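Trainee: I have a model open and would like to learn how its descriptive labels are earned. Could we go through them together?

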Amino acid sequence: MFTWEDCPAVEQVPGKVSGAWVFANTRVPLSHLFANLEAGATIEEFLDWFEGVEDWQVRAVLKHLEASLLQDLKHEAAV
């Protein structure tokens with residue numbers, strides 16, 4: 001089952017950005033990354049636009065999502 005809790009690059013703090021998942025030690029929601037990538041932005045552009053988010057964090061989020069999707073595909077194939 002997918003959860004962000006295992007990803008060290010993010011955090012969810014009650015009362016911080018309404019409890020949304022954000023990049024650790026920032027107020028930048030993960031949804032901003034996905035919306036910008038979907039709109040055609042590069043990782044480098046995203047990092048320029050959202051001060052405080054670090055390259056390793058973006059890459060860790062994408063790796064975490066990839067691993068979760070691959071796990072789901074394996075599970076579906078086994079069913």
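**How the labels are earned**

Mentor: Happily, and let us begin with Gln-57, which is buried, with a relative accessible area of 3%. Keep in mind that this is a predicted model.

Trainee: Why is Gln-57 called buried?

Mentor: Buried means under 20% relative accessible area. Gln-57 has 3%, so the label buried applies. This residue lies in helix 3.

Trainee: Which residues is Gln-57 in contact with, leaving aside its neighbours within four places in sequence?

Mentor: Gln-57 is then in contact with Ala-9, Phe-23, Ala-24 and Gly-52. Ala-9 is 48 residues away from Gln-57 in sequence, and the two C-alpha atoms are 4.8 Å apart.

Trainee: What makes Glu-5 exposed?

Mentor: The label exposed needs a value over 50%. Glu-5 has 63% relative accessibility, so it counts as exposed. Glu-5 lies in the segment before strand 1, which covers residues 10-11. From the C-alpha atom of Glu-5 to that of Glu-44 the separation is 25 Å, with their positions 39 residues apart along the chain.

Trainee: Why is Val-17 called partly exposed?

Mentor: Partly exposed is the range between the 20% and 50% cut-offs. Val-17 has 21% relative accessibility, so partly exposed is the label. You will find Val-17 in the loop between strand 1 and strand 2.

Trainee: What is notable about phi of Val-17?

Mentor: Phi of Val-17 is near 50°, a positive value in a residue other than glycine. Asn-25 is not a glycine either, and has a positive phi of about 65°. Asn-25 sits in the loop between strand 2 and helix 1.

Trainee: Is Asn-25 buried or exposed?

Mentor: Asn-25 has 72% relative accessibility, and exposed means over 50%, so Asn-25 counts as exposed.

Trainee: Now to the interior. How do you know that Phe-46 is buried?

Mentor: Its relative accessibility is 0%, and the cut-off is under 20%, so Phe-46 counts as buried. Phe-46 lies in helix 2. Not counting residues up to four places away in sequence, Phe-46 touches Phe-23, Val-28, His-32, Leu-33, Asn-36, Val-53 and Val-58. For one of these partners, His-32, the C-alpha atom is 8.8 Å from that of Phe-46, and the two residues are 14 apart along the chain.

Trainee: How many aromatic pairs does the structure hold?

Mentor: There are 3 aromatic pairs.

Trainee: What makes the pair of Phe-23 and Phe-46 tilted?

Mentor: Ring centres must lie within 6.5 Å to pair, and planes under 30 degrees apart are stacked, while over 60 is edge-to-face. Phe-23 and Phe-46 have centres 5.9 Å apart and planes at 50°, so they pair, and the pair is tilted. This pair links distant parts of the chain: Phe-23 is in strand 2, residues 22-23, and Phe-46 is in helix 2, 23 residues apart. Phe-23 and Phe-46 are both buried. Together with Phe-50, they form one aromatic cluster.

Trainee: Which residues touch the most other members in the largest nonpolar core?

Mentor: Of its 15 residues, Val-10, Phe-23, Phe-46, Val-53, Val-58 and Val-61 touch the most other members. Helix 1 (30-38), helix 2 (43-49) and helix 3 (55-78) each supply at least two residues of this core. Helix 2 gives the most, with 3 residues. In soluble globular proteins, nonpolar side chains tend to be buried together.

Trainee: What does Val-53 contact, leaving aside its neighbours within four places in sequence?

Mentor: Val-53 is in contact with Phe-23, Thr-26, Val-28, Phe-46, Leu-47 and Val-58.

Trainee: And the chain as a whole: in what order do its elements run?

Mentor: From the N terminus on, they run β-β-α-α-α, with 3 helices and 2 strands in the chain. The C-alpha trace spans about 45 × 30 × 20 Å along its principal axes. Buried residues make up 34% of the 79 residues. The accessible surface comes to about 5400 Å², and 55% of that belongs to carbon and sulfur atoms.

Trainee: How many positive and negative side chains does the chain have?

Mentor: The chain has 5 positive and 13 negative side chains, and the centres of the two sets lie 4 Å apart.

Note on methods: Residues numbered from 1 in each chain as written. Predicted model: local features only at pLDDT ≥ 70, side-chain atom pairs only at ≥ 80, totals over all residues. Heavy atoms only, no water. Helix = DSSP H or I, 4+ residues; strand = E, 2+ residues; numbered from the N terminus. Buried < 20%, exposed > 50% of the residue type's maximum accessible area, 1.4 Å probe, protein only. Core = buried A, V, L, I, M, F, W, Y, C linked by side-chain atoms within 4.5 Å. Contact = heavy atoms within 4.5 Å. Phe/Tyr/Trp six-rings, centres within 6.5 Å; stacked < 30°, edge-to-face > 60°. Areas by Shrake-Rupley, 256 points an atom, 1.4 Å probe, with all protein chains shown as cover. Lys, Arg positive; Asp, Glu negative; His and termini not counted. Charge placed at Lys NZ, Arg CZ, Asp CG, Glu CD.
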